[in-house]
Amino acid sequence: MQLIKDKQIVDDNWQDLADDAELAAGDISVSLSRWQTEKAQLLAHEGQLGIRISPADSVADFAADLDKIALVELDFPDFADGRLFSHAWLLRSRYGFQGEIRATGHYMPDQVFYLARVGVNAFKPATAEQLPVQLGYLQDFTVTYQASVN
């Protein structure tokens, strides 16, 4: 599958591992709860590590480990929950996270511009057909009034 990263369509080389799945070689993403329970084993894994968080998770729960993490996936469970916007902003502005912040799940395509303003630099739509549409939404506005983390 492909995704949008830094305003370009690229191949997705990450594997999302379920909490009960065996560790796989390569770049993997795990839930925050798996990270918290298996951190030592995950750090011994060969490849980059990512953490998937939901709106109810707290960035503070893994902020001390951000130097070991290359990807934070914001898993939107539905369109109406905006807490992940705040999580992205906190990752970039308060904690200085320089890695990839990826929106996944049920975010609205017309939210990508605003997600980018709070620090999200990658988007994984549900279907490949949405890639050019969402890429276009990143160019929606040429003038902004509010500050951004960028």
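Which residues touch the most other members of the largest nonpolar core? In this predicted model they are W35, F62, V72, L74 and F123, out of 34 residues in that core. A nonpolar core here is a set of buried Ala, Val, Leu, Ile, Met, Phe, Trp, Tyr and Cys residues joined through side-chain atoms within 4.5 Å. Buried means under 20% relative accessible area, exposed over 50%, and partly exposed in between, with a 1.4 Å probe and protein chains only. At least two core residues come from each of β4 (28-31), α1 (32-44), β5 (49-53), β6 (71-76), α2 (83-94), β7 (100-105) and α3 (112-117). The most come from α2, which gives 4 residues.

Because this is a predicted model, local features need pLDDT of at least 70 and side-chain atom pairs count only at pLDDT 80 or more, while totals for chains, interfaces and linings use all residues. Residues are numbered from 1 along each chain as its sequence is written, and side-chain values use heavy atoms, with hydrogens and water left out.

The protein has 4 helices and 8 strands, in the order β-β-β-β-α-β-β-α-β-α-β-α along the sequence. Its radius of gyration, taken over C-alpha atoms, is 15 Å, close to the 15 Å that the globule rule gives for 150 residues, so the protein is as compact as a globular protein of that length. That rule is 2.2 Å times the number of residues to the power 0.38. Helices (H or I, at least four residues) and strands (E, at least two) are DSSP runs, numbered from the N terminus. Of the 150 residues, 43% count as buried. Contact means heavy atoms within 4.5 Å; among contacts with a separation of 6 or more, 50% are between residues 24 or more positions apart.

Back in the core, V72 touches I51, I53, F62, L66, L91, F97, E100, I101 and R102, leaving aside residues up to four places away in sequence. One of these partners, E100, lies in strand β7. E100 counts as buried because its relative accessibility is 5%. With the same sequence neighbours left aside, the contacts of E100 include K5, W14, R92 and N121.

The loop between β1 (2-5) and β2 (8-11) holds D6, and K7 lies there too. Most residues other than glycine have a negative phi. D6, not a glycine, has a positive phi of about 50°, and K7 has a phi near 65°. D6 counts as partly exposed at 48% relative accessibility, as does K7 at 49%.
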